[in-house]
Amino acid sequence: MSVSELGGSSRQTLASARTALDSALKGLSAGDAAKVAADLFAVVTTLDASAPLRRSLTDASRSADDKKALVKDLFAKNLGKEVVELIAALAGMKWSKPSDIANAVEQLAIEAEASAANVAGELDRLEEELFAFSRIVAGDPELRQSLSASKYSSEGKRVLVAKLFGGKVCAATGRMLGHLVSALRGRNIEGTIAFYSKATAARRDRVIAHVRSAVALTDKQREKLTTTLAAKIGQPVRVNVEIDPTVIGGISIRFADELIDATIVSRLAEASRALAG
């Protein structure tokens, strides 16, 4: 199942969960972000193995404190604090159905791995290598069958991919491919690659700042803006500048789920609305 197929409540919850993930990843090194990803993948495995646990964590009749205590009892000994707190927060949110929480955690796990690649300066490479992997699988029926067949163990598939691609891809890609082939979760290999690619692109979009300005920014202005946004997000940020003559004074910045509109046009619009009220 893809995240786009989540029910209404679950889609809204995922948006909040991604913001919580941003906070958990803020300021982490590539290695620490990768550890968060590994812990989240471990949670997915645990959730997939227990329907009663999924129901318990998404039961609207149970109190948030009760579910938080359950999460800590289950995961606190083996997982990092950031992940335990994140899963506890997810358990306190609304879900359309129990299975949605596992699908959402998988999305967050992939995004955390993409964040590790971003901190390491390898996010573009990760996306390119995932695409290359998809082309290799599409063009090799024997490999595709081996990675899709249930008769091969998850560990066997992980070892196969490591032998074929280990050392040829960046660290984040190697880890992600291992998770990808060892947990198809009811999908075929092509569908799983597509899901991972979309989730990786979703994380990339959260670290790209789209800037609208009437005039081109100087190198100094761009550098200062990049530094300021990176400090706010806690991750390296890429700034894309669009020259827009309709912007009168100031700039408009959109990144993640935030819009910072400091243009004269927006301020005049706000003033007009205030006068109309």
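# Asking the model to justify its terms

Modeller: Take contacts in the protein chain between residues at least 6 apart in sequence: 70% of them join residues at least 24 apart. Contact means heavy atoms within 4.5 Å.

Biologist: What kind of model is this, and how are residues numbered?

Modeller: It is a predicted model, numbered from 1 along each chain as its sequence is written. Local features need pLDDT of at least 70 and side-chain atom pairs pLDDT 80 or more, while totals for chains, interfaces and linings use all residues; side-chain values use heavy atoms, leaving out hydrogens and water.

Biologist: How much of the protein chain is buried, and what makes a residue count as buried?

Modeller: Buried residues make up 43% of the 277 residues. Buried means under 20% relative accessible area, exposed over 50%, partly exposed in between (1.4 Å probe, protein chains only).

Biologist: Why is R185 called partly exposed?

Modeller: Its relative accessibility is 23%. That value falls between the two cut-offs, so R185 counts as partly exposed.

Biologist: What is notable about the phi of R185, and where does this residue lie?

Modeller: The phi of R185 is positive, about 55°, although R185 is not a glycine. Most residues other than glycine have a negative phi. R185 sits in the loop between α10 (171–182) and α11. Helices here are DSSP runs (H or I, at least four residues), as are strands (E, at least two), numbered from the N terminus. The protein chain has 13 helices and four strands.

Biologist: How do you know that the span of α1 agrees with its length?

Modeller: The expected span is 1.5 Å times one less than the number of residues. Helix α1 (residues 8–25) has 18 residues, so 26 Å is expected. Its end C-alpha atoms are 26 Å apart, which agrees.

Biologist: Which helices do the buried residues of α1 pack against?

Modeller: They pack against α2 (30–48), α5 (81–91), α6 and α11 (189–205). Among the buried residues of α1 are L14, R18, L21 and L25. Just after α1, G27 takes a positive phi of about 80°.

Biologist: What makes a set of residues a nonpolar core?

Modeller: Its members are buried Ala, Val, Leu, Ile, Met, Phe, Trp, Tyr and Cys, joined through side-chain atoms within 4.5 Å. The largest such core has 61 residues; L40, I87, V105, F133 and L180 have the most contacts inside it. Helix α6 (residues 99–119) gives the most, with 11 residues. A second, separate core of 10 residues includes V211 and L225.

Biologist: Which residues does I87 touch?

Modeller: Leaving aside residues up to four places away in sequence, I87 touches L40, V43, V71, F75 and V105.
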